[in-house]
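Reader: I have not looked at this structure before. Could we go through it in questions and answers?

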Amino acid sequence: MIDLRSDTVTRPTEEMRRAIAAAEVGDDVFGEDPTINELQRRVATLLGKEEALFLPSGTMANVVSVMAQTSPGTEVILEEGCHIYNFESGSSARFSGVQFRLVSSRDGSFTADDVDRLVRDDNVHLPPTALIAMENTHNKAGGTLFPVEAMEGIGRYAEERGIKVHLDGARLWNASAATGIPLSRYAAAADSVSVCLSKGLGAPAGSLVAGGRSFIRKAHRIRKMLGGGMRQAGILAAAGLYALDHHVDRLADDHANAKLIADAFASLPGVDVDLDRTETNIVLADVSNHPFGEAKIIDALKRRDVLVLAIDTGLLRAVTSLEVTSEQAAEAASIIRETLIP
Ligand code: TLP
């Protein structure tokens with residue numbers, strides 16, 4: 001199988017399993033897991049923040065970040081296609097009691113001017129704007145890059161007005177690999193940053209949030225409250241440390257492989273791919289004008305051992321990762337060309 005459904009399908013390699021097996025562990029609820037402590041220090045340094053906190057998932061990292069920086073009845077400004085708004089089971093409404101104000105955007109990015117139009121005035125009738133959330137790379141827009149200058153503009157704007165900024169950086173590693181911009185420069189635009197180890201980096205689970213000391217203190221308490229305090233989870237942190245050492249530089253391969261897949265889809269009649277927006281490891285193919293329809297296409301590809309996902313009506317997603325070698329990406333591209341000829 002060439003599994004292009006998500007970069008979350010990555011399985012730990014033999015070498016990563018060895019690092020897991022050798023991990024020194026302790027009870028992390030007592031703060032005594034040396035491997036988690038090392039991972040937290042390392043990610044905080046990479047992101048240029050005072051501290052970082054290890055969590056089971058990207059969703060929990062976002063939930064904790066929103067909860068720590070808002071109060072019920074306040075408003076969060078974010079982009080309408082983002083993960084926090086669409087794919088986290090309504091958790092921010094449920095646990096933080098916030099409401100959302102949405103920015104529309106084609107590629108998932110926005111500017112300080114867009115935010116300025118949506119920030120609430122100081123008026124007793126209106127919900128106070130507490131937080132702005134950005135996503136880089138943007139999943140639903142197709143792994144697109146949020147321009148760092150726009151992020152910095154939003155960061156400055158928010159700081160002047162006392163509004164907090166969160167960055168969902170589940171795939172910030174991909175953004176940095178694609179642009180060469182250090183993670184810390186992206187992170188400087190936000191008060192809190194979440195990153196995932198379980199996507200392109202290939203760890204079986206684990207995310208972190210990074211930020212200032214007082215934010216992390218709040219986040220720590222909320223993690224416990226939500227049941228996210230883990231014990232000897234150094235076995236997971238060891239996978240993360242291994243991934244930081246061995247799986248970051250290779251992300252460029254995933255991006256090159258995604259281009260092969262994007263070109264294959266784009267060559268077909270009735271399929272629309274925005275090649276300029278295929279900037280990292282996610283390919284979106286609009287098949288709404290293809291005679292087969294998406295269910296038949298998914299099925300036909302599956303019969304040839306290629307798995308892709310429908311993420312919207314008529315919209316297919318293919319994601320490259322360390323589960324897919326360059327040879328397999330080239331093979332998948334040929335299969336796509338052969339299978340989708342009407
Ligand atoms: N994304 C998953 C699905 O939930 C859609 C995927 O297959 O892409 N932020 C972003 C930008 C994400 O793409 C995801 C996962 C998360 C947060 C949540 O991470 P997990 O799955 O660890 O809770």
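Reader: Is Glu338 buried, partly exposed or exposed, and what is its relative accessible area?

Author: The model is a predicted one. Glu338 sits in helix H14, which covers residues 326-339. A residue counts as buried under 20% relative accessible area and as exposed over 50%. Glu338 falls in between and is therefore partly exposed, with a relative accessible area of 48%.

Reader: Which residue does the side chain of Glu338 join in a polar contact?

Author: A polar contact needs a pair of N or O atoms within 3.5 Å. The side chain of Glu338 has such a contact at 2.9 Å, and the partner is the side chain of Arg304.

Reader: How far apart in space are Glu338 and Ala170?

Author: Along the sequence, 168 residues separate Glu338 and Ala170. In space, from C-alpha to C-alpha, the separation is 34 Å.

Reader: Where is Phe292, and is it buried, partly exposed or exposed?

Author: Phe292 belongs to the loop between S9 and helix H13 (294-303). Buried would require under 20% relative accessible area, and exposed over 50%. Phe292 has 29%, so it counts as partly exposed.

Reader: How far apart in space are Phe292 and Leu340?

Author: In sequence, Phe292 and Leu340 are 48 residues apart. Their C-alpha to C-alpha separation in space is 8.0 Å.

Reader: How many residues of strand S9 are buried?

Author: Strand S9 spans residues 282-286 and is mostly covered. Of its 5 residues, the number buried is 4.

Reader: With which strand does S9 form 5 bridges, and which residue there stands opposite Ile282?

Author: The partner of S9 is strand S12 (residues 315-319), and the two run antiparallel with 5 bridges between them. Within this pairing, Asp286 has Leu315 of S12 as its bridge partner. Ile282 stands opposite another residue of S12, Val319.

Reader: Which strands are at the edges of the sheet that holds S9, S12 and S11?

Author: This open sheet has 3 strands in the order S9-S12-S11, with antiparallel pairing. The twist from one strand to the next averages 35°. An edge strand pairs on one side only, and here the edge strands are S9 and S11 (309-312).

Reader: What is the strand order of the sheet of 7 strands?

Author: The sheet is open and its pairing is mixed. Its edge strands, each pairing on one side only, are S2 (51-55) and S4 (99-103). From one strand to the next the twist averages 20°. The full order is S2-S8-S7-S6-S5-S3-S4.

Reader: In which sense do S5 and S6 pair, and what is the bridge partner of Leu131?

Author: Strands of a sheet pair through backbone hydrogen bonds, either parallel or antiparallel. Strand S5 (residues 129-135) and strand S6 (residues 164-169) pair in the parallel sense over 5 bridges. The bridge partner of Leu131 in S6 is Lys164.

Reader: Which helix gives the largest share of the shell around the ligand?

Author: There are 14 residues around the ligand, and those that come nearest are Ser6, Thr59, Asn139, Asp168 and Arg171. By class, the shell has 1 nonpolar, 7 polar and 6 charged residues. The largest share, 3 residues, comes from helix H3 (residues 58-68).

Reader: What percentage of the ligand's accessible area does the protein cover?

Author: An oxygen atom of the ligand is 2.8 Å from a side-chain N or O atom of Arg171. For Lys199, the distance from a side-chain N or O atom to a ligand oxygen is 2.9 Å, and a polar side-chain atom of Arg317 is also 2.9 Å from an oxygen atom of the ligand. On its own the ligand has 510 Å² of accessible area, and the part covered by the protein is 80%.

Notes: Residues numbered from 1 in each chain as written. Predicted model: local features only at pLDDT ≥ 70, side-chain atom pairs only at ≥ 80, totals over all residues. Heavy atoms only, no water. Near = heavy atom within 4 Å. Polar contact = N/O pair within 3.5 Å; in protein donor to acceptor, adjacent residues only side chain to side chain. Areas by Shrake-Rupley, 256 points an atom, 1.4 Å probe, with all protein chains shown as cover. Nonpolar A, V, L, I, M, F, W, Y, C, P; charged D, E, K, R; others polar. Buried < 20%, exposed > 50% of the residue type's maximum accessible area, 1.4 Å probe, protein only. Pairing = 2+ DSSP bridges. Axes fitted to C-alpha atoms, helices over the stretch in contact; angles between N-to-C directions.
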